[in-house]
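Please read the following report alongside the sequence and the structure. It begins with one residue and its surroundings and then widens to the whole chain.

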Amino acid sequence: MKIAIVTDSSSGFNNLELEKYKNLFKLEIPYYLDDKEYDDSLENTMFFSLLNNSKTIQTSQPHPLNVVNLWNKILKDFDYIINLNISSGLSGTYQTLSNLALDEDFNGKVFVVDTKRVSLTLKIFVLEALKLIDSGFNVNEIITYLENNNKNAKIFISIPNLKYLKKGGRLTKEVALLATLFQIKPVLRLEGGVLENYKKTHSKKQSIEVLVKAVGEEMENQFKAYKDNNELVLGIAYTNNYKDALRLKERLEEEYPTVKIYMIDPLCKTISCHTGDEGLGICISRIIKELI
């Protein structure tokens with residue numbers, strides 16, 4: 001039984017990481033800056049330059065034809081495909097892929113899991129699935145594990161400038177103006193695939209402390225058993241501010257020295273379209289012990 005995993009660019013896998021796995025494939029999620037289409041391959045400096053100067057921002061879903069073509073290509077060498085994509089609460093990708101998987105060419109061969117995750121937490125989910133495949137679990141056992149654990153992760157992210165959410169139509173001009181006037185830098189929480197306001201802050205220093213405290217509270221509540229059983233990791237995401245990410249890493253290691261910082265990754269461009277630069281995020285996630 002040969003099983004492949006298909007994720008998308010919101011998971012943050014770069015090309016070098018993809019080359020490590022012969023059974024991992026990635027779909028590009030396109031985004032539009034001033035109505036021109038781009039994807040994650042756009043060079044960073046150019047991306048942030050275009051993002052800062054664009055009047056409109058729009059994100060989309062993988063093109064259905066690209067999905068079908070990739071599935072057909074994979075099924076020449078693999079028996080099954082498990083799709084682990086951006087949460088259904090953040091994108092219509094899950095529903096689109098679920099509908100495509102009903103086709104007779106894919107029915108019973110292609111499975112679509114609602115991960116309820118994105119970015120670092122989705123990447124961890126993909127790595128867990130790959131580990132389960134390598135350990136000999138069958139497709140049904142892997143899907144059961146994923147569906148039972150898709151809520152065992154959270155992300156807290158600080159957004160220093162709301163103008164990108166305004167450009168993308170996810171925030172009214174009035175709210176964005178008030179946030180600017182009062183220097184509000186919101187910290188958002190992604191839980192179970194739903195993005196919601198967590199706390200308001202007024203400075204970078206304050207937002208970092210909110211992020212650090214938030215994961216600490218989670219470790220003493222929902223994730224305590226996983227922490228005690230050495231099944232818990234933290235991750236840091238950043239947008240064009242790697243030095244800030246390193247300072248956050250030092251702060252976390254100082255506060256929680258026994259918990260592993262599993263990865264420090266840039267946010268994918270699909271998500272960075274909404275956060276802009278200088279965003280910082282922390283994920284907390286259960287993980288298979290063998291991956292720590």
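Leaving aside neighbours within four places in sequence, Ile-142 is in contact with Ile-3, Ile-82, Ala-129, Leu-132, Ile-133 and Phe-137, where contact means heavy atoms within 4.5 Å. The model is predicted, so local features need pLDDT of at least 70 and side-chain atom pairs count only at pLDDT 80 or more, while totals for chains, interfaces and linings use all residues. Residues are numbered from 1 along each chain as its sequence is written, and side-chain values use heavy atoms, with hydrogens and water left out.

Ile-142 is also one of the residues with the most contacts inside the largest nonpolar core, together with Ile-5, Ile-82, Leu-84, Val-126 and Leu-146. This core has 41 residues. A nonpolar core is a set of buried Ala, Val, Leu, Ile, Met, Phe, Trp, Tyr and Cys residues joined through side-chain atoms within 4.5 Å. Buried means under 20% relative accessible area, exposed over 50%, and partly exposed in between (1.4 Å probe, protein chains only). Elements that each supply at least two residues of this core include β1 (3-8), β6 (80-84), α5 (119-134) and α6 (139-149). Helix α5 gives the most, with 10 residues. Apart from this core lies another, of 24 residues, among them Val-210, Val-212, Val-215 and Ile-284.

Two residues other than glycine have a positive phi, as the table shows.

| Residue | Phi | Place | Relative accessibility |
|---|---|---|---|
| Lys-116 | near 55° | loop between β7 (110-113) and α5 | 23%, partly exposed |
| Ser-119 | about 55° | helix α5 | 8%, buried |

In the whole protein there are 12 helices and 13 strands. Helices (H or I, at least four residues) and strands (E, at least two) are DSSP runs, numbered from the N terminus. Of the 292 residues, 52% count as buried. Among contacts between residues at least 6 apart in sequence, 75% join residues at least 24 apart.

What is the radius of gyration of the protein, and what would a compact globule have? The protein has 19 Å, which agrees with the value near 19 Å for a compact globule with 292 residues. The radius is taken over C-alpha atoms, and the globule rule is 2.2 Å times the number of residues to the power 0.38. Along its principal axes, the C-alpha trace spans about 55 × 50 × 30 Å.
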